[in-house]
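Student: I want to check the labels in this model against their criteria. Can we go through them one at a time?

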Amino acid sequence: MCGIVGYTGYREAYPILIKGLHRLEYRGYDSAGTAIYDDKSRELNIYKAKGKVSDLEKAAMGHNHCGSLGIAHTRWATHGHPNETNAHPHVSETGQLTIVHNGIIENYIILRDQLKDKGYHFKSETDTEVLVQLIQYVMDSHNTDLVTSVRLALEKVIGAYAILVVDTKNPDTLVAARKSSPMVIGIGENNCEFFIASDASPIIEYTNRMVYLEDEQIAVCHRGEALQIIALDNSEVAVNVKKVNLDLSMLDKGGYPHFMLKEIHDQPQCIRDCMRGRIVQDGKRIVLSAVTEHREELLKAKRIIIVSCGTSWHAGLIGKLLIEQFCRIPVEVAYASEFRYSDPVIDSNDIVIAISQSGETADTLAAIQLASEHGALIFGIVNVVGSSIARASDTGTYIHVGPEIGVASTKAFTGQVTVLTMIALAVGRERGTVSEEKYSSLINELLTIPELMEKVLAQDEKIKLIAQQYATSHNMLYLGRAYNYPVALEGALKLKEISYIHAEGYPAAEMKHGPIALVDENMPVVFIATHHKLYEKILSNMQEVIARKGKVLAIVTEGDETIKGMAENIIEVPQVDNSLAPLLTVLPLQMLAYHVAVAKGLDVDQPRNLAKSVTVE
Ligand code: M6R
């Protein structure tokens, strides 16, 4: 987490850095800071503030922030409280070097103690200050330039980092380095300026020529000179410039009060974009290049393992049901964080699917690196093009839903489920495990999903009114079965993360094995009870809750008169095949969580303690 931005060139750095920080605020927002070198006064002016980037702007207002080289940071605290002292940038004791950092230096305590023994003093509680002091120590003791000092210092570091370092004695150059934390460098006209950031969003309005720094690489951005990249072993690395396409209009709220609401309402279009060019021949066939290219491996696969975190893990649970139903291949779904440390049994015939919106989640990345070492084929389902997981995968399918800014994932979830559905159908057809009839009817139905989503989203006002009834709740239960069980988990997660109401998702039939003890008149229970073969059984679960005075909110199939007579509130969704139901049933739960959080006056897009991209383990 944490977002970093840097600029060196001929323009004023401050507006570029501040705008960039706003774009990266989804990565962390407990404090922010900038350091800008003023070429005239030859001073580095540093401003920091606890809170959001807007607080930093207030702190810097009226002060000198002129200069055309600078670095900036928006923080998600790991080491040390979120306060001004711990905010980045951090400066070395002599004041010569200044750094911003995203990541964690795991051996910082040992390094700090060694530096303390050498007489260094520390102001903050951060691992980052240790790193800048270490670079300064190397520079002073070896009499080396900045690049060499950074390289030698990083050799001693264990952990993850994306760093930008400024040397006030050499103020034309920014040095960047990365390991396990993302870093993109945008190259301006004639190499006269460089834009550096944690992702492409702060860069794209200036240039689409970008270089994705790889692990253990150091970049030297010297205005007026060609970008130079070296590896940690000091070997020269070829600079690989890519043209990045990113629609700038996707980076604003488009008239909605919050990114989350915009992204909820964007879903019909996102799903159209996700299917475009993949459902071909007038809706008769699904063509995914990754499936075509790896047909043989997919045909002989004995097992698929899905690794992911959070919402992407919930999409993975739906993926398991889809792949097992249509491809008859056994699927395991693992939390990436558990998988990587569980000494997993991985075979070279296994296929490991990594699902990640950001493509930067540290645990998911580490999980696929481990699986790759065991020879498994890595298939990425990622949103952010060119992200670390996309690059670490052998093959994959982008979900193409556009940038997701709201911390609570919405459109990425439905995009992931759509891609998983297309993969399951395409592979199932190749394996002969899904009938031609089912294959065709599901494709046709999938193509109608965007329109059906619009119908569900049109109930936003109704859901807003329903949400007012739950804003004072302290706990909620979400129950579903089969394809709707992961949706129950996802609905509960959405509510928890933005409204801070404790919520649990459960398979409905498991309720009687414990959670039913929680049910009383103060326990709202959300049932996802659309028509499928277990409908009658879920009705019984609902009766059990009502008998104990639980208040029921039910997501039902259009026209369901039975539940209308039982539940306090119902929200209808159109009838679709069970396997496609999550694409519709999740929408009311996203809207419910959103409106509950708004009713509570909470910061929907930037909920406390969270960050969009979890690049630490
Ligand atoms: O970028 P990823 O999909 O890998 O992120 C995984 C989780 O951190 C993410 O889904 C998180 O749970 C969201 N905040 C949920 O809304």
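Tutor: Yes. Start with the naming: helices are DSSP runs of H or I with at least four residues, numbered from the N terminus. This is a predicted model.

Student: What makes α10 and α17 part of the ligand's surroundings?

Tutor: α10 spans 310–327 and α17 spans 484–499. Each supplies at least two residues of the shell around the ligand. A residue counts as near if one of its heavy atoms lies within 4 Å. The shell holds 15 residues, with S312, S356, S358, T361 and E497 the closest.

Student: How do you know that S312 makes a polar contact with the ligand?

Tutor: The cut-off for a pair of N or O atoms is 3.5 Å. A polar side-chain atom of S312 lies 2.6 Å from a ligand oxygen atom. That pair therefore qualifies.

Student: Which backbone atoms come close to a ligand oxygen atom, and at what distance?

Tutor: For Q357, a backbone N or O atom is 2.7 Å from an oxygen atom of the ligand. For S409, a polar backbone atom is 2.8 Å from a ligand oxygen atom. Both values fall within 3.5 Å, so both count as polar contacts. Of the 410 Å² that the ligand exposes when taken alone, the protein buries 91%.

Student: Which pocket does the ligand sit in?

Tutor: The second largest pocket. To sit there, more than half of the ligand's atoms must lie within 2 Å of the pocket's grid points.

Student: How do the shell residues divide by type?

Tutor: Five are nonpolar, eight polar and two charged.

Student: Now the sheet. Why are β5 and β14 called edge strands?

Tutor: The open sheet has seven strands, ordered β5-β6-β7-β8-β12-β13-β14, with antiparallel pairing. β5 (90–91) and β14 (236–237) each pair on one side only, so they are the edges.

Student: How do you know that β5 pairs with β6?

Tutor: Pairing needs at least two bridges. β5 and β6 (residues 97–105) have two, in the antiparallel sense, so they pair. H90 has I99 in β6 as its bridge partner.

Student: What kind of peptide bond joins H88 and P89?

Tutor: A cis bond, with omega about 5°. P89 is in the loop between β4 (69–75) and β5.

Methods
Residues numbered from 1 in each chain as written. Predicted model: local features only at pLDDT ≥ 70, side-chain atom pairs only at ≥ 80, totals over all residues. Heavy atoms only, no water. Polar contact = N/O pair within 3.5 Å; in protein donor to acceptor, adjacent residues only side chain to side chain. Areas by Shrake-Rupley, 256 points an atom, 1.4 Å probe, with all protein chains shown as cover. 1 Å grid on protein atoms, 1.4 Å probe; cavity = no way out; pocket = protein on both sides within 12 Å on 5 of 7 lines; lining within 4 Å. Nonpolar A, V, L, I, M, F, W, Y, C, P; charged D, E, K, R; others polar.
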